[in-house]
Amino acid sequence: MKPIYQRLNLFIDGQDAYTFVPVQPIGAQSLTIHRATGDIVLNAPNTPVHPTASRYGKTIYGILGMISLALSEYVIVMTGREHRARFMGHDIYRAADFDILPLNPNVSVQNPPNPVEGHLLALVRSHLLGGHFLFSYGWDLTRRLQAQWQDRDNEEKKALWEVADDRFFWNKFLQSRLTDTDIAQDLSPYILPIIYGTFDMRTVYIHGHRIQLCLISRRSRYRAGTRYFRRGIDHEGHVANFNETEQILLVVEKAAGRLSFSENLTHKLSFTQIRGSVPVFWAEVNTLRYKPDLQVMDLQETVDMIKLHLRDQVSQYGSQGLINLVNQKGREEPVKEAYERAVSKVEFPDVKYQYFDFHNECKHMQWDRISVLIEKMQEDLIQQGYFHLDTAQDKAVQIQTGVMRTNCMDNLDRTNVVQAALAKWTLNQQLKAIGVVSDNEELDDFEALTRGFREMWADHADLISKAYAGSGALKTDFTRTSRRTKIGALQDGYKSVMRYIKNNYFDGARQDGFDLVTGAWTPQKNPVTASSLIADTRPLTIRSVPYILSFALFMICAGLTLPRTSDYSLLYYFMLWFVIASLAVIFMMVHGIEYVSWPRLIPPTDIIHYKGPGFRSAHNGKGFTGPLAQKLDLSGQLNGFGTRLLLNGRKRALTVSGMEEGTKKRVD
């Protein structure tokens, strides 16, 4: 594998160019990006830096790519990294800090000359600082262990970016300016792939064996986004919140004491699972209510898209075990029924559907009932197997021939519990297969390994949940302790409240950050046409009500706290302001959609106003309805919501198809 430069010195030649010089090896080819033209030039070895150039104050640990906004193109560099582990002879890092360098010399990142440019820069910066990005200079984090071993003979002379899994190469769009050039091969030492995911590793000793247990998750860059703004499937077969999770077991037989850090591994084992949103066209529309309106869209292409999705998964992993944890009663029932209708029309011999009523089976905190699901899937788990490489003979003892695809509504909490249970069952089988533990021993007999396993899976669940829903995962007390506790239930209540606040009031900007950085939306070179990204075009009535509510609450607080100057009763005073505050709250709830933080780059207009075949649980938050409302023109205020975003946002017209995908064709 071609090496990647681990440290770069940046020299800025006034307003002319950025020059990146590798710290090691000395005399390597430097990279120059000309600011006026955007040209990328690879200099000859030992080329001296221009004498007028000044050195940047920070060390550069990698170039993440380039992005073009309304006024300028920018180079995104990594200026901070955090060492996570030493894994199979390679260092794994988390990207910790970033700088954004403008090519246009008239543009300042700290003080952008245009508010639209400042808004777009803030979206990029927020996405970079809010994400959990991982990378390695010498090991491909984007691909599972089995895939790397199977393709090892064809990749010795290739660069990391050339062999990276397209789905998990998070900064592929940003790197396209480098990878699409004629000198991409020569630029390989500067092209650093990163993943959006998790990485954790624990080391324990069992019967003299040194055990390293590693957990990696990789988030797909396709249909990426937040909990309520990316659901279901799109018209390219991609599903929301798709994550590949790989549990790796590394074993050194009879390690020479606890201080042995030998990389001479005798066994490498891997078990892979996947998760993804229910692969039909569905969504949940925020209305400020705790439970959003559920929308299932019965489109003609639903079956074709689920076929496309499953065909891709089968080609990637082999046979599929579809584990559906969505409730069979209540508000989730229409999603379950839509999924089962679509799956019943898919005739793939390598796909098996299994429903498990999680909440009913595990009610009253009977979480041990997950064993019922494992018993149902045990035959398939054995048949699919896991990857096992005997390093002494350099051959695969076993190949994983399929994966379990688990989903609930969010693919977070219930999915985490089930995936951890499947991983634990498989780990137990692996340890017995290689002789680390005997047939009459179980994983729970080894406290250090069990504790490390639980902590890894709980931390893994929290990070995936924060990326999608904005808060830590629910039910992690069971993952950490194998018991459901009342304290854990209280913590889940707090997390649920945080999810509500973030999903309704903050996720619009987060979704815009995903769409901008992954290339689902690209800005035009004219900030004037994008002024709606920062303008509040709602009617004055809609905008004024939150201020009225705030003032009413202030007056109530003032009446309770300020010293009184007379003996008159304040009953009518409080009644007046309570009535005003109540009316303001009622008005905001009735017009809830107008107060949700919606994405502005790719607004979900057609979902909100969808009138085709399917299911809609309610039409909340759309204003007053009825003859009186129509007479007073109160029911039509919301009709301008989607139109305003649609005309002033993207220049592409939004259809259900276009909205569901974000963009029909990705730039990269």
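## Exercises on a predicted model

F506 sits in the loop between helix 12 (486–505) and helix 13, and the exercises below, all of which concern a predicted model, start from this residue.

**Exercise 1.** Decide whether F506 is buried or exposed, and state which residues make the nonpolar surface patch of about 360 Å².

*Solution.* Begin with the relative accessible area of F506, which is 52%. Because exposed means over 50%, F506 counts as exposed. Then turn to the surface, where V497, I501, Y505 and F506 make a nonpolar patch of about 360 Å².

**Exercise 2.** Explain why helix 13 (residues 507–517) is described as largely enclosed by the rest of the structure, and find which residue just after this helix takes a positive phi.

*Solution.* First consider the burial of the helix: 9 of its 11 residues are buried, so helix 13 is largely enclosed by the rest of the structure. Next, name some of these buried residues, among them D507, G508, F514, L516 and V517. Finally, look just past the end of helix 13, where G519 has a positive phi of about 85°.

**Exercise 3.** Locate V109, decide whether V109 is buried or exposed, and list which residues V109 contacts beyond its neighbours within four places in sequence.

*Solution.* Start with the location, since V109 belongs to the loop between strand 8 (90–102) and helix 1 (115–130). The relative accessibility of V109 is 12%, so this residue counts as buried, given that buried means under 20%. Once neighbours within four places in sequence are set aside, the contacts of V109 are Y74, I100, P102, L121 and R125. As a last step, compare positions along the chain and in space: V109 and A122 are 13 residues apart in sequence, and their C-alpha atoms are separated by 9.4 Å.

**Exercise 4.** For H207 and R223, state what value phi has in each residue, and decide whether each is buried or partly exposed.

*Solution.* Recall that most residues other than glycine have a negative phi, and that most peptide bonds are trans. H207, in the loop between strand 10 (195–206) and strand 11 (209–219), has a positive phi near 50°; its relative accessible area of 44% makes H207 partly exposed. R223, in the loop between strand 11 and strand 12 (243–252), has a positive phi of about 50° although it is not a glycine, and at 6% relative accessibility R223 counts as buried.

**Exercise 5.** Find which two residues are joined by a cis peptide bond with omega of about -5°.

*Solution.* The cis bond links Q24 to P25, and P25 lies in the loop between strand 2 (17–22) and strand 3 (31–34).

Notes. Residues are numbered from 1 along each chain as its sequence is written. This is a predicted model: local features need pLDDT of at least 70, side-chain atom pairs count only at pLDDT 80 or more; totals for chains, interfaces and linings use all residues. Side-chain values use heavy atoms; hydrogens and water are left out. Helices (H or I, at least four residues) and strands (E, at least two) are DSSP runs, numbered from the N terminus. Buried means under 20% relative accessible area, exposed over 50%, partly exposed in between (1.4 Å probe, protein chains only). Contact means heavy atoms within 4.5 Å. Patches are made of residues with over 30% relative accessible area and no salt bridge: like charges are joined within 9 Å, nonpolar side chains (Val, Leu, Ile, Met, Phe, Trp, Tyr) within 5 Å. Accessible areas come from the Shrake-Rupley method with a 1.4 Å probe; for residues, only the protein chains shown count as cover. A salt bridge is a side-chain nitrogen of Lys or Arg within 4 Å of a carboxyl oxygen of Asp or Glu.
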